[in-house]
Amino acid sequence: MNSAVFERAALKALMALPGPVLDRLSAGLETLGRSHLDSRIRFLLALSSAKPTLNSGTVGQARALYRQVIELLDVAERPLPVVVDHQVPGAQGHSLLVRRYRPAQAPRLAPAILFFHGGGFTVGSVEDYDRVCRYIAERTGAVVLSVDYRLAPEHPSPVAADDCLAAWQWLLANTAELGLDPARLAVMGDSAGGNLSAVVSQQAALAGLPVPALQVLVYPTTDGALAHPSIQNLGQGFGLDLPLLTWFRSHFIQDEKLVEDYRVSPLRNPDLAGQPATLLITATDPLRDEGLAYGEKLREAGVSVSSLDFPKLVHGFFTMGGVIPAAKAALDAICDATANHI
């Protein structure tokens, strides 16, 4: 048994302990009160305090560590009848990988979800999110298309946003060839991917393109300033600490003037009329306030916004469904709500 398999098995065994037992173990390990969280999330956070953080080494080391963490916590891989890689035109002539997942139950003319992974615009990849994208496709019955946009610091903002808009344009142009219903196209992403989902919807409208039928924003970052109260209030001990947020920001915002750019800070766009129906997901998370602020601004613009709040979970739960039952239940709820909207 290799070390990754052993660690996953050991962690799953620990997570099978009764909640009160895990709470007592957590209380002996943690220095920060987190008793309001799910017992297994609380214990995981207590354990992770002894692990290296993503910002403790090089960018390359952070990407490898992020991959290892997702491999440890994510849902198991599920076989699908169609998993195909496409090379599509990205921004500035760059070739972009888009991986397409078509579940067995997808209708001939299927709904589709263009998916943008999280990772602070600096880490994460289509490969890292392969298992959760398979799961989303199977649970929703929709075709999922996962976009490998370029990452900072090699490609700072707004490159990722421009790549994702190019992927949206490619999807619009190829619905017939891919067997997709052009009236049932959604965008979805977690964290940085939630930002990119909102940005694609806005930039599509600004470019005169069709906007998605639905945007699913999973604990999105919506403002580049890192100034909302929850950044400070929840910026220590809840899975996404302020030093890590600042480290990500230093890579993807290399020109401070870009904080005003709607491709970085979609919350700053004063005109959100005509944006797609929105499913907004929040948790106990430093990004909570800016996500809620974006939802409120959409509502004020007349956009239909449905909210799912998971206060017992933290940032990153989207890829923890393999070992945290409450995270798996939340993932299911997000998938089911998405399927009901498209």
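What follows is a chat about strands, cysteines, aromatic rings and empty spaces in one predicted model.

Reader: Before we start, what kind of model is this, and how are residues numbered?

Author: This is a predicted model, in which local features need pLDDT of at least 70, side-chain atom pairs count only at pLDDT 80 or more, and totals for chains, interfaces and linings use all residues. Residues are numbered from 1 along each chain as its sequence is written, and side-chain values use heavy atoms, with hydrogens and water left out.

Reader: Ok, which strand does β7 pair with, and in what sense?

Author: Strand β7, residues 277–284, pairs with strand β8, residues 305–314, in the parallel sense over seven bridges, where pairing requires that DSSP finds at least two bridges between two strands. Strands here are DSSP runs of E with at least two residues, and helices are runs of H or I with at least four, both numbered from the N terminus.

Reader: And which residue of β8 is opposite Thr282?

Author: Thr282 has Asp309 of β8 opposite.

Reader: What handedness does the unit of β7, α11 and β8 have?

Author: With helix α11 (residues 288–300), the strands β7 and β8 form a β-α-β unit that is right-handed, meaning that, with the strands pointing away from the viewer, the path from the first strand over the helix to the second runs clockwise.

Reader: Changing topic, how many disulfides are there?

Author: Zero disulfides turn up in a search of the whole structure, a disulfide being a pair of cysteine sulfur atoms within 2.5 Å. Cys164, for one, is in none, and the nearest cysteine sulfur, that of Cys133, lies 13 Å away.

Reader: Why does Cys335 have no bond to Cys133?

Author: Cys133 has the cysteine sulfur closest to that of Cys335, but the 9.9 Å between them is too far for a bond.

Reader: Are those two, Cys164 and Cys335, buried or exposed?

Author: Cys164 counts as buried because its relative accessibility is 0%, and Cys335 is buried too, with a relative accessible area of 1%. Buried means under 20% relative accessible area, exposed means over 50%, and partly exposed is in between, using a 1.4 Å probe and protein chains only.

Reader: How many aromatic pairs are there?

Author: The count comes to six aromatic pairs, where rings of Phe, Tyr and Trp (its six-membered ring) pair if their centres lie within 6.5 Å, and planes under 30 degrees apart count as stacked, over 60 as edge-to-face and the rest as tilted. The pair of Phe115 and Phe318 is stacked, because the ring centres are 6.2 Å apart and the planes stand at 10°.

Reader: Where do Phe115 and Phe318 lie?

Author: Phe115 lies in strand β3 (residues 110–116) and Phe318 in the loop between β8 and α12 (325–341), so their pair ties together parts that are 203 residues apart in sequence. Both Phe115 and Phe318 are buried, and ring pairs link these two with Tyr129 into a cluster.

Reader: Last topic, how many cavities of 30 Å³ or more are there?

Author: There is one cavity of 30 Å³ or more. On a 1 Å grid over the protein atoms alone, a cavity is a set of points where a 1.4 Å probe fits but cannot get out, and lining residues have an atom within 4 Å of a point. Grid points are joined across faces, edges and corners, and a volume is the space filled by probe spheres set on the points. The largest cavity holds about 50 Å³ of space, and its lining includes Phe121, Asn195 and Arg263.

Reader: Which helices each supply at least two residues of that lining, the one of the largest cavity?

Author: Helices α6 (159–173) and α8 (192–206) each supply at least two residues of the lining of the largest cavity.

Key
On a 1 Å grid over the protein atoms alone, a cavity is a set of points where a 1.4 Å probe fits but cannot get out, and a pocket is an open set with protein on both sides within 12 Å along at least five of seven lines; lining residues have an atom within 4 Å of a point.
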